[in-house]
Amino acid sequence: MATPSGLIRALHRGTLGQNVVVDRIFSGIQPTGTPHLGNYLGAIQNWVDLQEKCSSVLYSIMDMHSLTVPKDPAVLRQNILDTTAALLACGIDPKKCFLFQQSLVPEHAELAWILGCLTNVPRLLRLPQWKMKCASQQSEGTVGLLTYPVLQAADILLYKSTRVPVGEDQVLHLELAQDIAQHFNKKYGEFFPVPKAILSTTKKIKSLRDPSVKMSKSDPQKLATVNIADSPDEIVLKFRKAVTDFTSEVTYDPAARPGVSNLVSIHAAVTGLSIKEVLHQATGLDTAHYKMVVAESVIQKFAPIRNEIKKLKEDKSHLMKILEDGAEKAKELAAPIYQEIRRLVGFQ
């Protein structure tokens with residue numbers, strides 16, 4: 001009979017028996033530096049909650065995915081560390097999850113090749129991100145840009161993940177991973193669990209300068225995006241300049257009043273209140289004053305996180321060790337799964 005510590009190791013490795021499916025969560029974030037308000041409310045806040053609720057959780061800094069957009073090597077190195085510091089400051093705990101750098105686990109790329117050989121090109125060409133990013137890069141697109149959804153599938157399936165936190169814009173990519181898992185199982189026998197989506201309950205956070213599009217790090221308008229390490233003065237300025245409309249009353253109607261509704265969504269998300277409660281608090285305020293109420297709520301939410309980010313960024317070796325230690329744990333989990341995949345496909 002396994003010892004308690006042996007059971008724990010087996011649980012993380014998913015080796016309690018071939019027919020036992022371990023509840024396992026996988027998600028990742030591209031290293032774009034310090035995350036923005038939308039990243040935090042739409043993903044990171046949920047990650048912190050999930051690490052408390054599930055015994056096997058993996059969060060990856062997706063540096064391989066980031067190469068689909070040209071990057072200066074020095075900037076990428078710094079962004080990896082800055083993203084790690086931000087995740088830790090937001091509450092991601094390496095004792096409760098595996099936090100690691102994707103490229104330190106080579107099995108991700110190796111499995112992506114195997115899965116790519118099961119995926120047809122027309123399916124990838126139909127994905128909206130391919131069309132959108134090709135247009136934004138003003139080129140015909142690279143092989144990496146076309147096939148990165150297959151790498152996403154490998155990221156998930158390498159650990160036999162069962163649940164994946166995703167935003168609305170990634171649902172089609174998860175469906176691709178589900179289809180690839182089923183195709184593999186049909187060809188080689190039941191092996192991968194088909195991962196299910198954990199959809200964020202937070203309303204999608206929109207650009208402060210154009211509420212028809214989501215908040216983005218790559219937005220050329222500097223006032224459009226609130227970063228979680230922004231100073232109080234920067235946050236106040238960005239909300240003061242936020243696009244609303246000519247009606248002074250604060251209401252929630254995303255179709256008719258997207259700018260004001262975006263402010264309401266942000267206010268509700270950072271305070272933990274419902275839309276109805278936020279609107280009740282805003283009774284009698286015009287939009288100009290309400291912008292400052294929302295700005296103050298964001299400042300209060302991010303003040304301790306901002307201070308912790310600053311402290312963590314002073315010790316690069318500590319951040320690198322966390323990623324390396326996490327990668328070793330991820331490799332230990334992935335190794336027996338990938339060895340079985342090699343056997344199934346005929347490599348050994």
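1. Contact here means heavy atoms within 4.5 Å, and helices (H or I, at least four residues) and strands (E, at least two) are DSSP runs numbered from the N terminus. The model is predicted: local features need pLDDT of at least 70, side-chain atom pairs count only at pLDDT 80 or more, and totals for chains, interfaces and linings use all residues. Residues are numbered from 1 along each chain as its sequence is written, and side-chain values use heavy atoms, with hydrogens and water left out.

2. Helix α11 (258-271) has 12 of its 14 residues buried (under 20% relative accessible area, 1.4 Å probe, protein chains only), so it is largely enclosed by the rest of the structure. Its buried residues include Asn-262, Ser-265 and His-267. The cover over them includes α2, α10, α12 (275-281) and α13.

3. The end C-alpha atoms of α11 lie 20 Å apart, in agreement with the 20 Å expected at 1.5 Å a residue (1.5 Å times one less than the number of residues). Gly-272, with a positive phi near 80°, follows the helix.

4. The largest nonpolar core (buried Ala, Val, Leu, Ile, Met, Phe, Trp, Tyr and Cys residues joined through side-chain atoms within 4.5 Å) holds 56 residues. Ile-266 is among the five that touch the most other members, with Leu-37, Leu-99, Phe-239 and Val-298. Beyond neighbours within four places in sequence, Ile-266 contacts Leu-37, Ile-205, Leu-208, Phe-239, Val-294 and Val-298. A second, separate core of 43 residues includes Val-105 and Ile-337.

5. Strands β4 (residues 163-166) and β5 (residues 196-199) run parallel, joined by 4 bridges. Val-164 has Ala-197 of β5 as its bridge partner.

Technical notes: Buried means under 20% relative accessible area, exposed over 50%, partly exposed in between (1.4 Å probe, protein chains only). Two strands pair if DSSP finds at least two bridges between them.
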